[in-house]
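Q: Could you pick one part of this model and go through it closely, then show me how the rest of the chain fits around it? Keep it relaxed, but give me the numbers.

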Amino acid sequence: MPDKPAPDTNLFKAMEIFVTLIETGQMTAAARLVGITQSAASQHIANLENAYNTTLIDRSSRPLKPTQTGELMFRHATRVLNAVADLATDLRHKGPHPISRLRVGMLASIATTLSVPLVRLAKDQFGVGDMTLHAGQSGDHETLLRTKQADMVISSNPFYDMDGLERHAVLQEAFLLVLPSDYAGPTDRLEEILAHLPLVRFADTTGIGRQTEQHLRRLKLKVPRVIQADRSSMVTSCVAQGLGFTLLTPSLLIDGFVEQMPLRILPLPVAGLSRRITVVAREKELGQLPMELARAAKQTMVDTIERHMGEIGKQAVSELAEG
């Protein structure tokens, strides 16, 4: 067994793929997150095992799990990758353009709204040269942060269970009742609406879907008919076509209004359901950029929501719009 495998970029890449594989438990998911094919990811793992003459993955288990030596490799590889990321951070804070590259994950529902203003702010005010934007759900953001594939995320999850992060509030928004435009039934109680229309909501695999389901369970509401989807545009399009009703926040409704979907928006009959959107970044790596991006995101979202939804949208986000 060689004492010192060649410290080339392929070895670092193999470590990155290995750590991502352990985080996800799936070769397909790991390959997708690092932007390569599954066969290429498998080859990198095999090369890493050959370099250390050991077996790192128990390939008989589902999800895939590390062997005993794989656990040791995971701990050391994580430290190595963190050190490489720290080196890159230190280097990019030198010279006339302190942040040369920025990778941002955003909620898919607000990505279209925020992409242009945030790119402009990063380039014009902070001299960022290269930017990579990822759109997805909060679960995707966790993986991006843990595997250091994103410098910051704009997410509905503040990731309080993760150390070494700074957080900047964007806004808090209340859920609203969203009905087909021609719905003429009762609107005062969710039980009565459920008697007329199925519930269309985010899937259980998403944070919004789980939050909605938990809230309905707290209210002891039985939901006999459910249509699930994992994108806000899919949810709103089903409602616009009269297939059901839904509970969504103003930011989740933006795309539907931009596409001029026929929707009827009312305050939610039961209070207490809301979500926060937060900028989460690795602590002290990006100076004032995360805070300024949070401010710009807040202003852009508030302006967009008020423009498309008027007073009901303004009231739904007023709690943090002034903070």
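A: A quick word on terms: helices here are DSSP runs of H or I with at least four residues, strands are runs of E with at least two, and both are numbered from the N terminus. Counted that way, the chain has 11 helices and 12 strands. Keep in mind that this is a predicted model.

The part I'd zoom in on is strand β3, residues 101-107. Six of its seven residues are buried, so β3 is mostly covered, given that buried stands for a relative accessible area under 20%. β3 has pairing partners in β4 and β5. With β4 (residues 130-136), β3 runs parallel, and seven bridges join the two. If you want one pair to click on, Leu102 has Met131 as its bridge partner in β4. To get from β3 to β4, the chain passes through helix α5 (residues 108-126), making a β-α-β crossover that is right-handed. With β5 (residues 152-155), β3 is also parallel, this time over three bridges. Here the pair to look up is Gly105 and its bridge partner in β5, Val153.

Keep following the chain beyond β4 and you run into helix α6, residues 138-146. Its buried residues are Ser138, His141, Thr143, Leu144 and Leu145. Just after α6, Lys148 has a positive phi of about 60°.

Next up is another paired strand, β6 (residues 165-174). Seven of its 10 residues are buried, so the rest of the structure largely encloses β6. Its pairing with β12 (residues 274-282) is antiparallel and covers nine bridges. In that pairing, Gln172 faces Arg276 of β12. Put side by side, β3 runs parallel to β4, while β6 and β12 pair in the antiparallel sense.

For a single-residue view, try Ser232, which sits in helix α9 (residues 232-240). Is Ser232 buried or exposed? Its relative accessible area is 6%, and the limit for buried is under 20%, so Ser232 counts as buried. Once you set aside neighbours within four places in sequence, Ser232 is in contact with Ser109, Phe202 and Leu252. Ser109 is a nice one to notice, as α5, the crossover helix after β3, covers residues 108-126.

Now swing back towards the N terminus. Leu11 belongs to helix α1 (residues 9-24) and is buried, at a relative accessible area of 11%. Between Leu11 and Gly310 there are 54 Å in space, C-alpha to C-alpha, and 299 residues in sequence. Helix α2 (residues 27-34) has six of its eight residues buried, so α2 is largely enclosed by the rest of the structure. The buried ones in α2 are Met27, Ala29, Ala30, Ala31, Leu33 and Val34. Just after α2 comes Gly35, with a positive phi of about 80°.

Since you'll probably check the backbone torsions anyway, here are a few to look at. Asn53 has phi near 50°, which is positive although the residue is not glycine. Asn53 is in the loop between α3 (38-52) and β1, and Asn53 is exposed at a relative accessible area of 59%. Lys220 is another non-glycine with positive phi, near 60°. Lys220 is in the loop between α8 (207-218) and β9 (226-229), and with a relative accessible area of 73%, Lys220 is exposed too. There's a cis peptide bond as well: it runs from Arg62 to Pro63, with omega near 0°. Pro63 falls in the loop between β1 (57-58) and β2 (65-66).

Finally, zoom all the way out. The C-alpha trace spans about 75 × 50 × 30 Å along its principal axes. Of the 323 residues, 49% are buried. Take the contacts between residues at least 6 apart in sequence, and 74% of them join residues at least 24 apart. The chain exposes about 16000 Å², of which carbon and sulfur atoms supply 50%. As for charge, there are 35 positive and 35 negative ones, and their mean positions are 2 Å apart.

Methods:
Residues are numbered from 1 along each chain as its sequence is written. This is a predicted model: local features need pLDDT of at least 70, side-chain atom pairs count only at pLDDT 80 or more; totals for chains, interfaces and linings use all residues. Side-chain values use heavy atoms; hydrogens and water are left out. Buried means under 20% relative accessible area, exposed over 50%, partly exposed in between (1.4 Å probe, protein chains only). Two strands pair if DSSP finds at least two bridges between them. A crossover is right-handed if, with the strands pointing away from the viewer, the path from the first strand over the helix to the second runs clockwise. Contact means heavy atoms within 4.5 Å. Accessible areas come from the Shrake-Rupley method with a 1.4 Å probe; for residues, only the protein chains shown count as cover. Lys and Arg count as positive and Asp and Glu as negative; His and the chain ends are not counted. The place of a charge is taken as NZ of Lys, CZ of Arg, CG of Asp or CD of Glu.
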